[in-house]
Amino acid sequence: MEKNRNKNKKEISAGKELLYIDKTEVLEKGIALFPSIYIEGAAATGKTCAMKMLRRKHSEVEIQALDLQDEVSAMKRFDRILREWDSFVGAKWLMIDGLDASVSKVCVEKIADYIRTMPPESKVIVAGRDWPEEEFLDLLWKRQMQIVPQKTLQFTEKEIGDLVQYYHSSLNPKDIYQRTGGWAGCADMLIRLSVGEGAEQSGSVEAWMESYEIRTYVKRQILDPLSAEEREMMQRAILCPWFTEELCSEVWQARKISGILERLGRKGLLVHDKQKNRWKAALILQENYRIKASVLQENHKMEMPILQAHHVRYADPDLWKQLGSWYEKHGNLKEALQCLKKSKEKAAYRSCMLRHYSEVPLLGISYAEVMNWKGNEPELCYLRGIYRYTRQQMDGLKAEIQNLNAAPEDDSRKREIYLNLTYRQPDLDLDSWLALLETYTKDKERIQLYDIQGYSYSCLCGLRDLSGLFACAKKEENRKARLWREHLGKESRLSYRLARMEYYLETERKDVISLDDRKLLLEDCENNPGDRPERKPIIWQQRLARLYLLCRLQQVMPEEEHSSSIHSLALSLQQEEHSVCKRITDAVLCLYAPADNRRERLAKWLVSAEQSAEILADEECYAILCCRAKGCLQLNQYKRAEKILHYLVPYLQLYRRYKHLAEALFQQAVIHWAEKRKGQALKDTIESFVVNGTSRYVGFYTEYDRTGKAVLEDHIDWLSKNAPGGWHRKKKYNYGNVLRMPEADYMGVVLRCAKRRMRSDSSGAEETPEEQLTMMETIILQDINRGLTNTQICEELNLKLPTVKTHIYNLYKKLGVNNRVQAIRRGKEEGILDER
């Protein structure tokens with residue numbers, strides 16, 4: 001993959017320098033192995049461009065081209081070409097474009113007959129807009145033809161970025177990719193429009209997608225060539241977030257459509273989720289176009305074009321309401337609310353929202369309208385309270401709790417909502433909340449905490465820091481465990497076990513983690529149908545916590561092999577639709593998952609994360625910011641880490657996420673120490689251990705190598721001189737765990753663990769020179785390993801040549817080498833580069 005990232009090719013045509021995205025590799029492979037290839041896909045997907053590039057790359061071959069849009073002329077030319085080739089000796093290639101359903105069977109048979117009988121040195125490349133005809137299938141079965149799917153021609157985000165940079169477009173490559181899905185023709189058109197004479201440089205991708213040129217391009221180039229039944233299916237698909245054959249049957253009474261769906265999928269216009277067995281329109285259509293639903297109800301006439309509809313939805317309200325009901329009936333709340341909102345049926349929308357109040361805040365959709373709804377129903381108070389909480393309006397959260405208390409109802413649902421809102425209240429400590437739990441739940445009554453983690457990978461420090469459940473005497477820990485177990489539902493009890501494991505790992509007590517708890521991490525995360533809790537659990541969050549704990553266990557217990565379980569969990573999480581889930585999964589894997597090329601992966605992830613998102617401390621992003629800060633420090637990117645922590649620390653202080661806050665403060669201390677600000681480093685270290693308090697965390701204090709060790713040593717030296725009662729340690733005294741130790745002994749454990757980790761960690765700074773490399777030097781070393789020249793590195797990283805040379809000089813010096821070959825060898829020896 002890395003070798004193909006820079007396949008951008010500049011060519012000269014009519015005196016003008018153009019940039020082409022080279023997508024011919026898959027064509028080259030197919031034509032090298034088989035006599036012919038068939039490139040399938042809808043119009044404007046880049047098939048013709050790829051064939052032209054292939055032709056230019058093989059000027060040594062006799063190549064002729066046919067366009068079957070004019071079948072009669074094309075067949076006459078075909079006969080003439082075959083006559084001319086009778087006396088020609090050498091390689092002969094025939095490129096055939098424009099093959100669709102309108103081409104006659106006689107023409108297809110003639111082409112197939114030629115492929116069967118042509119000389120061995122001859123090749124045929126066919127570009128079709130439909131799936132292969134039966135004659136071509138016969139060739140496929142006999143290994144005389146290879147199929148090239150449409151998706152192999154789609155632009156990647158990186159390739160779009162290269163085009164944007166080359167043509168000096170102001171458009172965001174990520175936005176182009178998200179709006180077009182990498183559809184070659186449309187992406188290219190967007191960029192060309194944005195740099196055209198008179199174009200507004202401030203125009204957004206969204207604005208250009210709504211332009212007359214793009215709408216007309218999509219209609220005429222992509223949709224008009226479809227058959228009537230295909231257009232009808234696409235118009236239905238564009239209406240729906242996703243659909244199934246069952247939905248089409250129940251809502252539109254459309255049956256026996258599997259063939260149409262497969263055909264549109266092969267063309268790239270529909271995307272099939274095989275795991276969930278459902279379809280949705282391609283991104284280029286899904287995000288920006290809708291059609292009037294009335295068209296589907298008037299004898300299925302297809303006169304109406306696809307219309308611009310980014311801010312106006314044209315579907316009939318009854319149809320949207322019907323779709324919303326179908327999605328809700330089948331347990332798809334997000335899609336149900338989206339459709340009901342478009343129906344303009346405010347009562348139906350509100351009713352659905354309140355029925356599923358506990359799930360709404362975690363769907364990743366906006367629900368700001370609840371702030372304008374009148375009433376103090378418990379469900380509405382909950383939604384408004386969570387909305388204010390996520391926007392850091394803690395006084396607003398308290399106001400909603402007061403509104404809830406004023407509501408006349410006094411039932412289990414009201415008490416459950418009250419406990420869920422107070423659970424999020426930062427200034428209410430854990431012990432006080434547990435007292436409320438005991439007071440507000442009647443005998444044998446169990447309430448469900450709707451959310452414990454939030455958007456965190458940690459159950460121990462999610463919406464609330466739960467360390468207080470375990471940072472106490474054993475008798476008190478058992479009392480709190482019994483209270484949690486007796487008054488909370490199954491999912492909450494599961495989160496408790498995950499939090500307990502994490503706390504034991506953080507306090508160097510891995511030996512007390514039971515076998516049952518370790519097995520819990522390996523169990524299937526899906527519930528059995530007969531064992532569902534009262535409310536639908538947020539499955540991906542607990543799977544994410546399990547992934548994090550498995551990675552941590554693999555670090556501290558390498559003798560237990562968890563790689564396959566980590567891979568399986570990560571794969572399932574990356575298939576989730578929630579974008580935050582995917583982003584945090586990538587972060588956890590890069591930071592904690594065992595890998596030979598971990599530093600290389602971490603450097604790439606940090607670059608990608610920095611390019612794709614601004615620094616924003618909120619509920620959705622704070623966990624990723626925690627990972628970014630730690631990753632930057634592990635690669636000695638102190639300035640980047642300091643910038644992130646500037647936003648992150650106040651956020652953690654507001655929400656009182658004590659574990660994350662203690663680590664963030666220690667990270668600041670590491671940065672200050674590295675920047676020779678030792679007084680400020682000591683101040684932040686003291687504050688970190690004050691926040692740590694009785695929790696007695698150990699793990700994260702040991703992860704910052706020699707700089708972290710130096711900070712700890714300086715802190716211990718300060719404590720020994722300033723401790724009010726003196727600084728005494730009992731050597732060789734067995735306290736059992738860090739909770740029972742005097743402060744001096746506890747600090748000794750932290751320092752010893754830091755030293756031990758330095759010795760055992762293969763990336764220890766004293767023994768591995770790559771610890772000294774900056775992130776940019778690491779990336780440039782990876783580019784050198786890929787064979788890139790200095791000029792190519794400049795283009796890829798958008799740096800000037802002297803800057804690149806300076807980075808290369810510095811990394812040579814740090815690695816102790818004199819040339820590229822030695823740098824690559826040294827990088828592989830030290831684990832900076834992958835051995836492959």
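This is a dialogue between a visitor and a guide about reading features of a predicted model.

Visitor: Let's begin with the whole chain. How many helices and strands does the chain have?

Guide: Keep in mind that this is a predicted model. The chain holds 39 helices and 11 strands. Of its 836 residues, 54% are buried. If you take the contacts with a separation of 6 or more, 66% of them join residues 24 or more positions apart.

Visitor: I'd like to read the sheet next. In what order do the five strands of the open sheet stand?

Guide: Follow the order β4-β5-β6-β3-β7, with parallel pairing. At the edges are β4 (62-67) and β7 (146-148); each has a single partner strand, so one side of each is left without a neighbour in the sheet. On average, neighbouring strands are turned by 15° against each other, direction ignored.

Visitor: How many bridges join β3 to β6, and how many join β3 to β7?

Guide: There are five bridges between β3 and β6, which run parallel. One pair to look for is E40, which stands opposite G128 in β6. Towards β7 there are three bridges, again parallel, and I37 has Q146 as its bridge partner there.

Visitor: Are the residues of β3 buried or exposed?

Guide: Five of the five residues in β3 are buried. You can split them by face: S36, Y38 and E40 lie on one side, I37 and I39 on the other, and both faces are covered.

Visitor: And how do β5 and β6 pair?

Guide: Strand β5 (residues 92-99) pairs with strand β6 (residues 123-128) in the parallel sense, over five bridges. L94 and V124 stand opposite each other in this pair. Helix α2 (residues 47-57) packs on the sheet, where it touches β3 (36-40), β4, β5 and β6. The direction of α2 makes about 165° with that of β5.

Visitor: There is also Y20. Where is Y20 found, and is it buried or exposed?

Guide: Y20 is in strand β2 (residues 16-21). With a relative accessible area of 13%, Y20 is buried, because the cut-off for buried is under 20%. Try a distance here too: the C-alpha atoms of Y20 and A50 are separated by 9.4 Å, with their positions 30 residues apart along the chain.

Visitor: Now a charged side chain. Where does K267 lie, and is K267 buried or exposed?

Guide: Look in helix α13 (residues 258-267). K267 is buried, its relative accessible area being 6%.

Visitor: Which polar partners does the side chain of K267 have?

Guide: One is the side chain of E230, in a polar contact at 3.1 Å. Another is the backbone oxygen of R129, 3.2 Å from a polar atom of the K267 side chain. Beyond four places in sequence, the residues in contact with K267 include G41, A42, D130, Q150, W183 and L226.

Visitor: How should I read a positive phi?

Guide: Most residues other than glycine have a negative phi, so a positive value is worth a look. In this model, N277 has a positive phi of about 50° although it is not a glycine. For D705, also a residue other than glycine, phi is near 50°.

Visitor: Where are N277 and D705 found, and which is buried and which exposed?

Guide: N277 is in the loop between β8 (270-273) and β9 (278-281), and at 51% relative accessibility N277 counts as exposed. D705 lies in helix α34 (residues 705-722), and at 12% D705 counts as buried.

Visitor: Finally, how do I find empty space inside a model?

Guide: Rolling a probe the size of a water molecule over the atoms shows where empty space is left. Here the count comes to four cavities of 30 Å³ or more. The second largest cavity holds about 70 Å³ of space.

Visitor: Which residues line the second largest cavity, and which element gives the most?

Guide: Among the lining residues are Y457, Y592, C626, C627, K630, H660 and E663. The elements that give two or more residues are α28 (579-592), α30 (622-634), α31 (638-655) and α32 (658-674). With four residues, α32 gives the most to this lining.

Methods: Residues numbered from 1 in each chain as written. Predicted model: local features only at pLDDT ≥ 70, side-chain atom pairs only at ≥ 80, totals over all residues. Heavy atoms only, no water. Pairing = 2+ DSSP bridges. Axes fitted to C-alpha atoms, helices over the stretch in contact; angles between N-to-C directions. Contact = heavy atoms within 4.5 Å. Buried < 20%, exposed > 50% of the residue type's maximum accessible area, 1.4 Å probe, protein only. Polar contact = N/O pair within 3.5 Å; in protein donor to acceptor, adjacent residues only side chain to side chain. 1 Å grid on protein atoms, 1.4 Å probe; cavity = no way out; pocket = protein on both sides within 12 Å on 5 of 7 lines; lining within 4 Å. Points joined across faces, edges and corners; volume = space filled by probe spheres on them.
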